[in-house]
Amino acid sequence: MSSLDKNDAQLFTNLCKFAWVIGGFEPLIYDFRHEIYNKWGINFESLTHLDSIGLIQYDAVVDFDWMKIPKEVTVYYYGAPMFLEFQKETDNKMGVGHAILTKVGRELAPICGSQPDAEFREYVLKKWKEMGYIKAEKTESN
């Protein structure tokens with residue numbers, strides 16, 4: 001952490017705003033060109049930079065996947081649960097976007113001070129509906 005300059009630290013904090021707990025704490029970068037990311041300075045250049053300093057692994061072309069997911073799973077955005085339902089009973093997979101945290105990134109993420117973004121949460125829920133991950137609007141309060 002001491003080797004990060006202020007701009008790098010702020011950029012990483014902004015990236016963590018997009019992270020959900022999905023088997024682990026992972027940023028969901030589905031389309032780095034989308035305004036939802038760009039307004040926080042997350043774009044091709046910043047993702048490439050975070051990769052070069054060892055905080056994330058980034059691939060602009062290929063999505064990373066969460067594998068071997070059961071039919072029903074609960075994921076979290078800043079403590080708020082979302083229940084997802086997949087087609088098969090076992091061995092489902094879920095695209096989690098173009099970036100994953102490295103070991104160092106996973107260690108820094110809980111202490112970086114990121115805050116949730118309601119607009120991003122809605123963006124992800126809409127994306128998951130399109131991908132077929134959300135079958136019903138059920139949350140912990142239903």
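## Two helices that cross

Angles from 65 to 115 degrees between two axes count as roughly perpendicular. Keep that range in mind as you look at this predicted model, starting with a pair of helices. Two packed helices are described by the angle between their axes and the distance between the axes. Here, the axes of helix α1 (residues 6-16) and helix α3 (residues 44-52) cross at roughly 110° and come within 11 Å. α1 and α3 are therefore roughly perpendicular to each other.

Which residues meet where α1 and α3 come together? From α1 come Asp-8, Leu-11, Phe-12 and Leu-15, while α3 offers Ser-46, Leu-47, His-49 and Leu-50. Sorted by character, the residues of this contact are five nonpolar, two polar and one charged.

## The nonpolar core

Next, turn to the inside of the model. Its largest nonpolar core has 42 residues. Phe-12, Trp-20, Leu-84, Phe-120 and Trp-128 are the residues with the most contacts inside this core. Helix α5 (residues 118-131) gives the core its largest share, namely five residues. You have already seen Phe-12, since this residue of α1 also takes part in the meeting with α3.

Phe-120 is a good place to zoom in. Leaving out residues up to four places away in sequence, Phe-120 touches Lys-17, Phe-18, Trp-20, Leu-28, Ile-36, Tyr-37 and Tyr-77.

## A closer look at Trp-20

Is Trp-20 buried or exposed? With a relative accessibility of 0%, Trp-20 counts as buried, because buried means under 20%. You can find Trp-20 in strand β1 (residues 19-21).

Not counting residues up to four places away in sequence, Trp-20 touches Phe-25, Glu-26, Leu-28, Val-75, Tyr-76, Tyr-77, Met-82, Phe-120, Arg-121, Val-124, Leu-125 and Trp-128. Trp-20 and Pro-116 are 96 residues apart along the chain, but their C-alpha atoms are separated by 9.8 Å.

## A closer look at Leu-101

Leu-101 has its place in strand β8 (residues 99-101). At 3% relative accessibility, Leu-101 counts as buried. What does Leu-101 touch, not counting residues up to four places away in sequence? The list is Phe-12, Leu-15, Phe-25, Glu-26, Pro-27, Leu-55, Ile-56, Arg-106 and Ala-109.

Two of these names, Phe-12 and Leu-15, may ring a bell: both are among the α1 residues that meet α3. Along the chain, 77 residues separate Leu-101 from Gly-24, and the C-alpha atoms of these two are 9.5 Å apart.

## Pairs of opposite charge

Side chains of opposite charge can pair when their charged atoms come close. How many salt bridges does the structure hold? There are seven. In one of them, Glu-119 pairs with Lys-39, with their closest N and O atoms 2.5 Å apart. Glu-119 belongs to helix α5 and Lys-39 to the loop between α2 (35-38) and α3, so this pair ties together parts that are 80 residues apart in sequence. Glu-119 is partly exposed at 46% relative accessibility, and Lys-39 is partly exposed at 40%.

Another salt bridge joins Glu-107 and Lys-103, whose closest N and O atoms are 2.9 Å apart. These two are four residues apart in helix α4 (residues 103-108), which means that about one helical turn separates them. Glu-107, at 48% relative accessibility, is partly exposed, whereas Lys-103, at 57%, is exposed. A further salt bridge links Glu-122 with Arg-121, and here the closest N and O atoms are 3.2 Å apart. Glu-122 is partly exposed, with a relative accessible area of 46%. Arg-121 also appeared earlier, among the residues that touch Trp-20.

## Two residues with positive phi

Finally, have a look at the backbone. Lys-68 is not a glycine, although its phi is positive, at about 55°. Lys-68 sits in strand β4 (residues 64-69). With 66% relative accessibility, Lys-68 counts as exposed.

Where does Tyr-78 lie? Its home is the loop between β5 (72-77) and β6 (80-85). Tyr-78 also has a positive phi, near 50°, in a residue other than glycine. At 33% relative accessibility, Tyr-78 counts as partly exposed.

Notes: Residues numbered from 1 in each chain as written. Predicted model: local features only at pLDDT ≥ 70, side-chain atom pairs only at ≥ 80, totals over all residues. Heavy atoms only, no water. Core = buried A, V, L, I, M, F, W, Y, C linked by side-chain atoms within 4.5 Å. Buried < 20%, exposed > 50% of the residue type's maximum accessible area, 1.4 Å probe, protein only. Contact = heavy atoms within 4.5 Å. Axes fitted to C-alpha atoms, helices over the stretch in contact; angles between N-to-C directions. Parallel < 35°, antiparallel > 145°, perpendicular 65-115°, else oblique. Nonpolar A, V, L, I, M, F, W, Y, C, P; charged D, E, K, R; others polar. Salt bridge = Lys/Arg side-chain N within 4 Å of Asp/Glu carboxyl O.
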